[in-house]
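Here is a friendly walk through a single protein chain. Please keep the sequence and the 3D view open as you read.

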Amino acid sequence: MKVAVVPVTPFQQNCSIVWDETTKRGAVIDPGGDLPRILAALEELEVTAEKIVLTHGHIDHAAGAAELAETLKIPVEGPHEADRFLLDDLPTAGERTGIPGRVVTPDRWLSEGDTVDIGGVGFEILHVPGHTPGHIVLVNRDNRLAIVGDTLFQRSVGRTDFPYGDSALLIEGIKTKILPLGDAFTILPGHGSASNIALEKRTNPFLR
């Protein structure tokens with residue numbers, strides 16, 4: 001399993017290309033914009049994207065999903081349906097942020113315990129609300145990898161100062177679902193550098 005990060009949008013969101021090294025089949029996770037950059041990365045890596053996966057419905061993570069799905073003729077999976085209102089609001093959010101966004105309706109909503117196939121490799125879905133109501137996390141236990149979106153960052157956690165945000169719920173989800181995955185797990189967040197659970201347990205002030 002390989003992962004390449006393509007920073008997109010003025011928010012430098014970590015759009016991730018995840019693929020199986022043998023088959024070169026994979027997925028694009030959170031295409032928030034800058035589609036020419038994402039398409040160029042797919043071509044350079046020689047990866048065939050078979051689906052798009054969204055961790056949540058914010059503009060910097062989901063704005064490019066509809067156009068990319070049409071361009072590549074692939075489905076969109078995720079997030080949890082509780083984020084439908086955010087995906088429906090992408091054009092308006094785009095006007096506020098300057099990031100062009102189109103409404104996207106996933107071909108498949110994801111819930112706790114679902115599995116997403118990426119290049120023949122299974123990722124378990126955790127529902128971790130708080131940053132948004134429908135935020136999901138993708139977990140591959142064999143590779144000890146968690147793609148956590150905007151739930152957990154290196155020495156920080158996701159914003160909850162939205163009308164629908166819930167700090168207590170987010171921290172509970174991190175402590176009860178993400179941290180128990182184990183110290184050796186790499187976490188790939190939606191912004192900034194990758195980290196691991198051991199480091200966050202020791203140094204993240206929000207988790208003490």
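The report below moves from the whole chain to one sheet and then to one loop residue.

## Ground rules

This is a predicted model, in which local features need pLDDT of at least 70 and side-chain atom pairs count only at pLDDT 80 or more, while totals for chains, interfaces and linings use all residues. Residues are numbered from 1 along each chain as its sequence is written, and side-chain values use heavy atoms, with hydrogens and water left out.

## The chain as a whole

Seven helices and 13 strands make up the secondary structure of the chain; helices (H or I, at least four residues) and strands (E, at least two) are DSSP runs, numbered from the N terminus. The C-alpha trace spans about 45 × 40 × 30 Å along its principal axes. For 208 residues, a compact globule would have a radius of gyration near 17 Å, and the chain agrees with its 16 Å. That radius is taken over C-alpha atoms, and the globule rule is 2.2 Å times the number of residues to the power 0.38.

Of the 208 residues, 55% count as buried, where buried means under 20% relative accessible area, exposed over 50% and partly exposed in between (1.4 Å probe, protein chains only). The chain exposes about 8900 Å², and carbon and sulfur atoms supply 49% of that area; accessible areas come from the Shrake-Rupley method with a 1.4 Å probe, and for residues only the protein chains shown count as cover. Among contacts (heavy atoms within 4.5 Å) with a separation of 6 or more, 60% come from residues 24 or more positions apart.

## A six-stranded sheet

What is the strand order of the open sheet with mixed pairing? The six strands run S6-S7-S8-S9-S12-S13. S6 (115-118) and S13 are the edge strands, each pairing on one side only. Two strands pair if DSSP finds at least two bridges between them.

Starting from S6, four bridges hold it antiparallel to S7 (residues 121-127), with Ile118 opposite Val121. S7 in turn joins S8 through four bridges, again in the antiparallel sense, and Glu124 has Val139 as its bridge partner. S8 and S9 are antiparallel too, over three bridges, one pair being Asn140 and Leu145. These two strands form a hairpin with four residues between them, and Arg144 in the turn has a positive phi of about 50°.

## From S8 to the far edge

Is S8 (residues 136-140) enclosed or open? Five of its five residues are buried, so S8 is largely enclosed by the rest of the structure. Ile136, Leu138 and Asn140 point one way from the strand, whereas Val137 and Val139 point the other way.

Beyond S8, the parallel pair of the sheet is S9 (residues 145-149) with S12 (residues 186-189), joined by four bridges; here Gly149 stands opposite Pro189. S12 then pairs antiparallel with S13 (residues 195-196) over two bridges, and Ile187 has Ser195 as its partner. Five residues lie between the strands of this hairpin, where Gly192 takes a positive phi near 80°.

## Gly119 in its loop

Back at the other edge, Gly119 sits in the loop between S6 and S7. With 5% relative accessibility, Gly119 counts as buried. Not counting residues up to four places away in sequence, Gly119 touches Asp20, Thr23, Arg25, Gly26 and Glu50. Gly119 and Ile74 are 45 residues apart in sequence, and their C-alpha atoms are 13 Å apart in space.
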